[in-house]
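Work through the exercises below with the sequence and the model open. Each task is followed by a worked solution.

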Amino acid sequence: MDPDTVARAFVDHYYSTFDTNRAGLANLYQEASMLSFEGVQIQGAQSIVGKLTSLPFQQCKHQINTVDCQPSGPAGGMLVFVSGNLQLPGEQHSLKFSQLFHLMPTPQGSFYVLNDIFRLNYA
């Protein structure tokens, strides 16, 4: 399958799930997965989802501006870099963000997130 198609499908799924049901992201991570969220490192699927579900807002809307991907290593991994805007309820201005995912293949033929780095971009 074309890497750009896989990356776009992953990004669409990830952010639509994040915006509507963050707990549903648990199946995208494994115990070896690591999230760096604004410089704080969190490891393991349960801990990562715990962080994401404890963010101080219940609803949000991601608008994706760019998706770039590259193959990563002989195991069939993929780097996916995303930039976009995050709109929070009651806020007039959206926040700019960047996020990098290192996806690794599973034996079942799908991908999981091995590494996830998220940063807000302040002007």
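The exercises cover the largest pocket, the largest nonpolar core and the strand pairing of this predicted model.

**Exercise 1.** Describe the largest pocket by its volume, its lining and the elements that contribute to the lining.

Solution. Start with the volume: the largest pocket holds about 160 Å³ of space. Next, take the lining, which has 16 residues, with Phe37, Leu55, Phe57, Leu86 and Phe118 closest to the pocket centre. Then assign the lining to elements: α1 (3-20), β1 (29-37), β5 (95-105) and β6 (111-121) each give two or more residues. The most come from α1, with 3 residues. Finally, sort the lining by class: 13 residues are nonpolar, 2 polar and 1 charged.

**Exercise 2.** Which residues of the largest nonpolar core touch the most other members, and which element gives the most to this core?

Solution. The core has 31 residues, and those touching the most other members are Phe10, Tyr14, Phe18, Tyr29, Leu52, Val80 and Phe101. At least two core residues come from each of α1, β1, α2 (45-53), β4 (77-87), β5 and β6. α1 gives the most, with 7 residues. Now take Phe101 as one case: beyond its neighbours within four places in sequence, Phe101 has contacts that include Phe10, Tyr14, Met78, Val80 and Val113.

**Exercise 3.** Trace the pairing of β5 with β4 and with β6.

Solution. β4 and β5 pair antiparallel over 9 bridges; in this pairing, Met78 has Leu103 of β5 as its bridge partner. β5 and β6 also pair antiparallel, over 10 bridges, and Gln99 is bridged to Phe118 in β6. Between the strands of the β5 and β6 hairpin lie 5 residues, and Gly109 in this hairpin has a positive phi near 95 degrees.

Conventions:
Residues are numbered from 1 along each chain as its sequence is written. This is a predicted model: local features need pLDDT of at least 70, side-chain atom pairs count only at pLDDT 80 or more; totals for chains, interfaces and linings use all residues. Side-chain values use heavy atoms; hydrogens and water are left out. On a 1 Å grid over the protein atoms alone, a cavity is a set of points where a 1.4 Å probe fits but cannot get out, and a pocket is an open set with protein on both sides within 12 Å along at least five of seven lines; lining residues have an atom within 4 Å of a point. Grid points are joined across faces, edges and corners, and a volume is the space filled by probe spheres set on the points. Helices (H or I, at least four residues) and strands (E, at least two) are DSSP runs, numbered from the N terminus. Ala, Val, Leu, Ile, Met, Phe, Trp, Tyr, Cys and Pro count as nonpolar, Asp, Glu, Lys and Arg as charged, and the others, Gly among them, as polar. A nonpolar core is a set of buried Ala, Val, Leu, Ile, Met, Phe, Trp, Tyr and Cys residues joined through side-chain atoms within 4.5 Å. Buried means under 20% relative accessible area, exposed over 50%, partly exposed in between (1.4 Å probe, protein chains only). Contact means heavy atoms within 4.5 Å. Two strands pair if DSSP finds at least two bridges between them.
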